[in-house]
Amino acid sequence: MVKKICGIGAGYVGGPTMAVIALNCPSIEVAVVDISHSRISAWNSDKLPIYEPGLEQIIQQCRGKNLHFSTDVEKHVYEADIIFVNVNTPTKTGGRGAGKAADLTYWESAARMIADVSRSNKIVVEKSTVPVRTAEVIEKILVHNSNGKVEYQILSNPEFLSEGTSIQDLLNPDRVLIGGNDSLKGQEAIQKLKAIYANWVPEDRIITTNVWSAELSKLADNAFLAQRISSINAMSALCESTGADISQVSCVLSKNTKLGSRYLNASVGFGGSCFQKDILNLVYICECNGLVEVANYWKEVIKVNDYQKSRFVKKVITSMFNTVSGKKIAVLGFSFKKDTSDTRKTPAIDVCKGLLADNACLSIYDPRVSEEQIRRDLSMNEIPWENSIMAEAMRFDGTKQVSVYEDVYEATKDAHGICVLTEWDEFKEIDYQRVFESMEKPAFVFDGRNVLDVDKLREIGFIVYSIGKPL
Ligand code: NAD
Ligand code: UGA
């Protein structure tokens, strides 16, 4: 019987995932641990470290009952029957495979710690997204660092939640994937984990596979989603050259039951902590296996994404008479998508840096992202991936030319142009007549998410550019 679960890593995945397990399994003690004291104290406070609709209510319901947040990592690992490892697996920034391979430093240190403190048999669950065959490495670390008395079963149980809808995704997942090995003990471990999910997930949605298939399926899943966005974004460029309208093209494609209706929204580019990282990880694995053509195929997905961001920047600059130097441009939205405060790999960073490199003055408004976060993101010099056409802009730090506002009307006052970079619902409700009157003329709108009513804006007097639509 599983009495206690420990989740290592209290981030965007660890926090919500473990909270939903606690909610649905009241007889199981769930501890979420992290080495970051500030993260754990935020989880124990009224201001949670991440914003997700519905999360606060679950935390209030379970925290202090069967859900605990703690920095006492060793104690909770020692006591747990099942350990979910939810640590970050970013792209390596130095050494072999830098800029592509997954950095497993955090995973490895978690595995070494588990081996050090465990005195009873454990099921170790890979929740983080990892390269295929990571379980093999983890097993070696665990087995070679244990006293021989502890048995480990390693399962791959990748997470498919999306930020902004993570609670709904976790409460009602389209699938739960569990990969384990074929041995009797491997199969028993799968059944134990399956029984936990079966408390709220219909059994026919719980898929079991071997470990390698589960690990690779997660990378494939993200690669396919990102590929679809790059496909529609590539089409959006063609629409602009031919007079076709990307919304109409998307609508036609979405009615094809063979294609399905989702992930067909053209945008300024995909962002988020995972799509680029996981594709680069896939590319690296292909290269290591000598599959150069396959690696090159997936690289194109990221190349098109970079192209889309740089195309947007170019459109803003060329439309505004080939210079934005000294012009105030209001940026509406900074998070990588609506309903999240997460800015990791948000296209807004690259677009802002591209405009700053042409000497623009930016006034940024986002309903959920703090000024401190925006400034940190814009001053960071990220290592560009090998083929990045955004490389030059990414090195640019122009935070002195940036102001951050808490009010959309202040942000847009005296601006020459507006760039909508996140599809926050509230941007549809803005009084654009009032905004127009307070702006310099001609007043431009560049809708990087195709969320605004173009006809209405043009009626007011704006010059409007939308992705993949006729001017
Ligand atoms: P995150 O950075 O928000 O959280 C990771 C946490 O792990 C951090 O708080 C960090 O302090 C902690 N940590 C690192 N090493 C530790 C250690 N040795 N002991 C204890 N704590 C440690 O990352 P995230 O967004 O939650 O992503 C985690 C993993 O899940 C990644 O592999 C990611 O690819 C995958 N994933 C993320 C999402 C998402 O939407 N963010 C969705 C599916 C899968
Ligand atoms: C994505 C996947 O959807 C999840 O299944 C996966 O678990 C997760 O990555 C992960 O592994 O981290 P997430 O990045 O949170 O989830 O958000 P998405 O809704 O997939 O959006 C990603 C980016 O694509 C956003 O910038 C979004 O604005 C953009 N997007 C999405 C588009 O430009 N067009 C679309 O049609 C859909």
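Me: Why is C274 called partly exposed in this predicted model?

Reply: The relative accessible area of C274 is 27%. Buried would require under 20% and exposed over 50%, and partly exposed is the class in between; C274 is therefore partly exposed.

Me: What makes C274 a residue of a loop, and which annotation covers it?

Reply: C274 is placed between helix 10 (246-254) and helix 11 (275-288), in the loop that joins these elements. The UniProt record, an unreviewed entry, annotates C274 as "active site".

Me: How do you know that K218 makes a polar contact with ligand 2?

Reply: A polar side-chain atom of K218 and an oxygen atom of ligand 2 are 2.8 Å apart. The cut-off for a pair of N or O atoms is 3.5 Å, so the pair counts as a polar contact.

Me: What makes E159 and L264 polar contacts of the ligand as well?

Reply: In E159, a polar backbone atom is 3.4 Å from an oxygen atom of ligand 2. For L264, a backbone N or O atom also lies 3.4 Å from an oxygen atom of the ligand. Both values fall within 3.5 Å, so both pairs qualify. The protein covers 90% of the 700 Å² of accessible area that ligand 2 has on its own.

Me: Which residues form the shell around ligand 2, and what is its character?

Reply: Ligand 2 is surrounded by 20 residues, the closest being L161, E163, Y263, S267 and R449. The shell comprises 10 nonpolar, five polar and five charged residues. Helix 9 (residues 211-242) contributes the most, with four residues.

Note on methods
Residues numbered from 1 in each chain as written. Chains lettered and ligands numbered in written order. Predicted model: local features only at pLDDT ≥ 70, side-chain atom pairs only at ≥ 80, totals over all residues. Heavy atoms only, no water. Near = heavy atom within 4 Å. Polar contact = N/O pair within 3.5 Å; in protein donor to acceptor, adjacent residues only side chain to side chain. Areas by Shrake-Rupley, 256 points an atom, 1.4 Å probe, with all protein chains shown as cover. Helix = DSSP H or I, 4+ residues; strand = E, 2+ residues; numbered from the N terminus. Nonpolar A, V, L, I, M, F, W, Y, C, P; charged D, E, K, R; others polar. UniProt positions renumbered as here; feature names shortened; annotations may be inferred. Buried < 20%, exposed > 50% of the residue type's maximum accessible area, 1.4 Å probe, protein only.
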